[in-house]
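Look at the model below. Follow how its strands and helices fit together.

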Amino acid sequence: MAAKAITIEIGYSLTKVCEVDYKAKTHKIYNSFTVQNGAEVINDGVLTASPEYVENLRRALAVHHVKAKQVVFTITSSRIASREVTIPFVKENRIADVVNANATDYFPVDLSQYQLAHTILGTVGDQKGSQQYKLLVMAVPTSLLSGYYDLAKELKLEVAAIDYASNSIYQVVKEECAQGKHIIVMIDERASLVMAVENSVLTFTRSVAYGVEEVMETVMNTLCWGEVTSIEQAIRVLQRNDCIAPEESAGGAAEGAEAPVKTAKGRAMDDVRDAVMPLIGGISRVIDYYASRGSGEAIERILITGLGADFKGLGEILSHEVNMPVTVLKEAAGWNLMRNFKNECFSEYIACVGAAVSPLGFKQETAKRGKEKAKKEGGEKGTNWAPLAYTVCGVGLVAGAALAGFSLFNYAQLTKTNMELKAESGSLEDIIPIYNEYVAVKAEHTMVEAMYEATESRNEELEEFLGELEDKLPSNVNVVSFTSDAYEVTINMKVQTKDDAGEAVEQMRTFHSLVPEMVTVTSLVEEDNEESGEHTVNFTVTAAYQDVGYEPEETEETDAAAADMAE
């Protein structure tokens, strides 16, 4: 039975994880799932795993009952340099020696800070005597790899290998592309890979600096397909809905015709299409470049895969742009993908499942150099250290016996504590869905409260304001007219003297719903009735409302005023 391995591809928003057979002739996928990264943990392939991220990944491995102890990482980075080279037709186990001997010609940098790996692209020449190997040689900064070794250590896993994403994908499709020329496009979050496979040989690979991140963000910023609050939700919405506007809906009306009025959903679809067009343009330019440098044989087909491959409408837009049929990779020779991924889309896991087939093996190269160094250092020593070694060994045995009892006691105590914590953790698992539901309800409640607060106005308290007006205005004030909006109130009043008008204004400045300094008299007219001899003063008061929710501070003066009113 083949050994199992965990394969991990860490993206900017999601980490893809699979449990597969390691370096097996038959391919089987036992597990596949994604983990949200939370805060950004990766930048152009450089991994900085936070404690929260490590804990989330550890918990996900436990929840999915992943038992494998070896891990293979597959990475993508612009810092990985690659060169296509030709070398003499030597035995395969000598290829690495030839590559290392000529490495400075391929990469004019300080190679002590890099690790090298290679993959065979094919052979050049017909006759055996003139044949040469065509290789893809890659140089990876050692500093870039350290983060993955640190993560494996935190997860208590052994790094079996670190692979390059293009090689991982190639291992899946090479049998599927056994005849003719094929273009494979892997569409990821912030970057994409375009590869050419001809007769099962990887002949071309280029990176495109565009992905589907902006497309997912556009879907999250509209409510046309419901409330989308996470990357995983955005992915499923784009996979199940026609979010990308077709070509004809994005164009304008015919000349002389009136442009149709688009619905909100139509405008949102156009926005998604605009977000995807830089990606489409970048991919089409790379395909045009490859076709122009080819031998003249036509490209048989274009297959898309990766995170964005299953987005509805994306393949049709790319097909229209390159004027060639484009299909989504659903099955590959030698892989029973439909069975292994019957409940979910396969494309986003393609690099993961291929990483364990034949990884480039940066770790193996490091181990080899370490063994050679140890062998060399051992050969240079000529002194017989055997007697001293026996003495040290004897002392060590005595000390070890003394410490063994203490260690066993500590081990027993820690084992007991571990079992107690596991039991407590198991009893608390039922709380997780309750807590998740609480967080979701709380978020919805906060949103509803915000919507309600946005619609509040002082007009809702108009009845209370009228009651205050009736209670506080002097009895000799006659209200002629009254108007109110969301911000201010205007009242026309009639009294007998200016003193009465002043008293009315002062009373209004005590209203808790009005801003005192914004209570002003905008007009005042005195009238005398010659027939009755009555003198009246007509005046208009404009007052601004306090903010919604404002409550006056209670002071001794207001308490005394309230007591006087009660009396």
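In this predicted model, strand 6 (residues 70-75) and strand 10 run parallel, joined by 6 bridges. One residue pair shows the link: V72 has A161 in strand 10 as its bridge partner. Strands of a sheet pair through backbone hydrogen bonds, either parallel or antiparallel.

Now step back to the whole sheet. It is open, with 5 strands in the order 3-2-1-6-10 and mixed pairing. Which strands form the edges? They are strand 3 and strand 10 (158-164), each pairing on one side only. From one strand to the next, the twist averages 20°.

Helix 1 and helix 5 pack on this sheet, as the table sets out.

| Helix | Strands touched | Angle between directions |
|---|---|---|
| Helix 1 (residues 51-63) | strand 1 (4-10), strand 2, strand 3 | about 150° with strand 3 |
| Helix 5 (residues 165-173) | strand 6, strand 10 | about 85° with strand 10 |

Next, a pair of helices. The axes of helix 6 (residues 213-220) and helix 7 (residues 231-240) come within 9 Å and cross at roughly 95°. Angles of 65 to 115 degrees count as roughly perpendicular, so helix 6 and helix 7 are roughly perpendicular to each other.

Which residues meet there? Helix 6 brings V215, M216, V219 and M220, while helix 7 brings I231, A234, I235, V237 and L238. This contact has 9 nonpolar residues, no polar ones and no charged ones.

Helix 7 also has buried residues: I231, A234, I235, V237, L238 and Q239. Their cover includes strand 2 (14-21), strand 3 (29-36), helix 6 and helix 9 (264-292).

Definitions and conventions. Residues numbered from 1 in each chain as written. Predicted model: local features only at pLDDT ≥ 70, side-chain atom pairs only at ≥ 80, totals over all residues. Heavy atoms only, no water. Axes fitted to C-alpha atoms, helices over the stretch in contact; angles between N-to-C directions. Helix = DSSP H or I, 4+ residues; strand = E, 2+ residues; numbered from the N terminus. Parallel < 35°, antiparallel > 145°, perpendicular 65-115°, else oblique. Contact = heavy atoms within 4.5 Å. Nonpolar A, V, L, I, M, F, W, Y, C, P; charged D, E, K, R; others polar. Buried < 20%, exposed > 50% of the residue type's maximum accessible area, 1.4 Å probe, protein only. Pairing = 2+ DSSP bridges.
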